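Me: I have a structure to go through with you. Please justify each label you use as we go.

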Amino acid sequence: MYTQGLDSLGKECLHSSASETAALEARFQAKVDADDKIEPKDWMPDAYRQTLIRQISQHAHSEIVGMLPEGNWISRAPSLRRKAVLIAKVQDEGGHGMYLYSAAETLGISRDQMLEQLLAGTAKYSSIFNYPTLTWADIGAIGWLVDGAAIMNQIPICRCSYGPYARAMVRICKEESFHQRQGFEIMLALARGTPEQKAMAQDALNRWWWPSIMMFGPSDGDSKHTAQSMRWKIKRFTNDELRQKFIDVTAPQAEFLGLTIPDAQLQWNEATQHYDSGPIDWSEFHSVLKGNGPCNRERMQARRNAHEDGRWVREAAAAYAEKQKSRAASQAA
């Protein structure tokens with residue numbers, strides 16, 4: 001619905017003087033500061049547009065690639081109920097990717113371009129999805145920890161300064177809350193099951209805790225984009241603030257489950273009213289981002305195979321659309 005006006009984006013300042021451009025930027029920032037939404041037809045700095053394209057497309061890619069670790073377990077879910085819930089969850093993730101691709105398209109980039117960047121390996125997606133799902137407990141850990149971290153990160157985006165992104169996130173966050181509950185329910189069932197099941201839940205927590213903590217991105221001092229994104233109100237909290245919120249919420253949940261978070265330095269700090277935690281191994285984070293995670297190559301190959309397998313569908317749809325266009329033109333003549 002927004003793309004009709006994209007050809008006029010930014011034309012206000014194509015031939016503007018420095019003073020005129022400064023005035024446009026000041027008007028833009030004043031609108032952001034007033035918590036008014038920036039819409040696709042509004043003038044915006046190119047850096048703001050490019051930041052949003054990078055963030056929204058990365059978010060969309062993460063939803064699509066994120067279907068793979070859980071989709072792998074649909075046929076192996078331990079009951080019909082679990083299978084139905086997991087199918088619904090994977091379907092939700094695909095829908096989230098489509099919402100987000102649509103939001104990014106309002107900024108002047110096509111879906112084909114974004115997919116080409118993903119398949120070429122030039123676009124990033126969340127590093128968390130480059131870890132394997134070894135047992136059924138991993139599906140619980142992903143729902144509880146990964147989706148829990150996603151919710152913590154994404155709820156503030158509902159107040160993002162860019163309208164289409166903010167509105168897309170409202171529905172996404174509602175659905176992610178169910179995903180988190182599904183994961184916690186799995187972990188609770190395992191934690192209260194046999195000793196072997198509880199051990200399986202603990203093993204999943206051991207493997208997914210630190211990657212989940214890394215999901216919030218580099219520490220604030222090493223984050224290249226946080227300060228500007230906060231000024232533009234694309235982000236509302238820093239990486240470290242969100243990470244702390246997640247730890248504060250999740251630590252008591254682990255205690256309720258009777259599971260131990262794999263951080264020997266994790267403890268409640270009465271003075272700060274927050275949990276203190278141990279140092280993060282950022283070398284692992286950067287290694288996974290560079291493509292050296294356990295499943296980086298597997299995930300990308302799966303996406304490339306899916307894209308190629310679906311080529312005939314895209315070509316058939318394009319041929320049908322062209323046929324209908326030609327028929328309409330001949331009838332009009």
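Me: Start with the second largest pocket. Which helices each supply at least two residues of its lining?
Reply: This is a predicted model. In it, α11 and α12 (296-309) each supply at least two residues of the lining of the second largest pocket. The space in that pocket is about 300 Å³. Its lining has 17 residues, and the closest to the centre are Gly-121, Tyr-125, Leu-289, Gly-291 and Asn-296.

Me: How does the lining of the second largest pocket divide by class?
Reply: Six residues are nonpolar, seven polar and four charged. Gly counts as polar in this scheme.

Me: What is the volume of the largest pocket?
Reply: The largest pocket holds about 1,300 Å³ of space. It is lined by 49 residues, with Arg-54, Gln-55, Gln-58, Met-215 and Gly-217 the closest to its centre. Elements giving two or more residues to this lining are α2 (46-65), α6 (136-154), α7 (163-191), α9 (226-231), α10 (239-257) and α11 (282-292).

Me: Which element gives the most to that lining, and what classes make up the lining of the largest pocket?
Reply: α2 gives the most, with nine residues. By class, the lining has 19 nonpolar, 20 polar and ten charged residues.

Me: How do you know that Cys-160 is not bonded to Cys-158?
Reply: A disulfide needs two cysteine sulfur atoms within 2.5 Å. The closest cysteine sulfur to that of Cys-160 is in Cys-158, and it is 9.7 Å away, so the pair is too far apart for a bond. The structure as a whole holds zero disulfides.

Me: Why are Cys-160 and Cys-295 called buried?
Reply: Buried means under 20% relative accessible area. Cys-160 is at 0%, so the label applies. Cys-295 is at 5%, so Cys-295 is buried too.

Me: What makes Gln-180 buried or exposed?
Reply: The cut-off for buried is again under 20%. Gln-180 has a relative accessible area of 17%, so it is buried. Gln-180 is in helix α7. Leaving out residues up to four places away in sequence, Gln-180 touches Gly-143, Trp-144, Asp-147, Gly-148, Ile-151 and Gln-253.

Me: Why single out the phi of Lys-233?
Reply: The phi of Lys-233 is positive, about 60°, although Lys-233 is not a glycine. Lys-233 lies in the loop between α9 and α10. Its relative accessibility is 17%, so Lys-233 counts as buried.

Me: Where is Gln-273, and is it buried or partly exposed?
Reply: Gln-273 is in the loop between β1 (267-269) and β2 (274-276). Its phi is near 60°, a positive value in a residue other than glycine. Partly exposed covers the range between under 20% and over 50%. Gln-273 has 43%, so it is partly exposed.

Me: Which residues have the most contacts inside the largest nonpolar core?
Reply: They are Tyr-48, Leu-52, Ile-56, Tyr-162, Tyr-165, Trp-208 and Trp-209, in a core of 77 residues. In soluble globular proteins, nonpolar side chains tend to be buried together.

Me: What does Tyr-162 contact, apart from neighbours within four places in sequence?
Reply: Contact requires heavy atoms within 4.5 Å. Outside those neighbours, Tyr-162 is in contact with Ile-38, Glu-39, Pro-40, Met-44, Tyr-48, Leu-52, Ile-56, Ala-103, Thr-106 and Leu-107.

Conventions. Residues are numbered from 1 along each chain as its sequence is written. This is a predicted model: local features need pLDDT of at least 70, side-chain atom pairs count only at pLDDT 80 or more; totals for chains, interfaces and linings use all residues. Side-chain values use heavy atoms; hydrogens and water are left out. Buried means under 20% relative accessible area, exposed over 50%, partly exposed in between (1.4 Å probe, protein chains only). On a 1 Å grid over the protein atoms alone, a cavity is a set of points where a 1.4 Å probe fits but cannot get out, and a pocket is an open set with protein on both sides within 12 Å along at least five of seven lines; lining residues have an atom within 4 Å of a point. Grid points are joined across faces, edges and corners, and a volume is the space filled by probe spheres set on the points. Helices (H or I, at least four residues) and strands (E, at least two) are DSSP runs, numbered from the N terminus. A nonpolar core is a set of buried Ala, Val, Leu, Ile, Met, Phe, Trp, Tyr and Cys residues joined through side-chain atoms within 4.5 Å.
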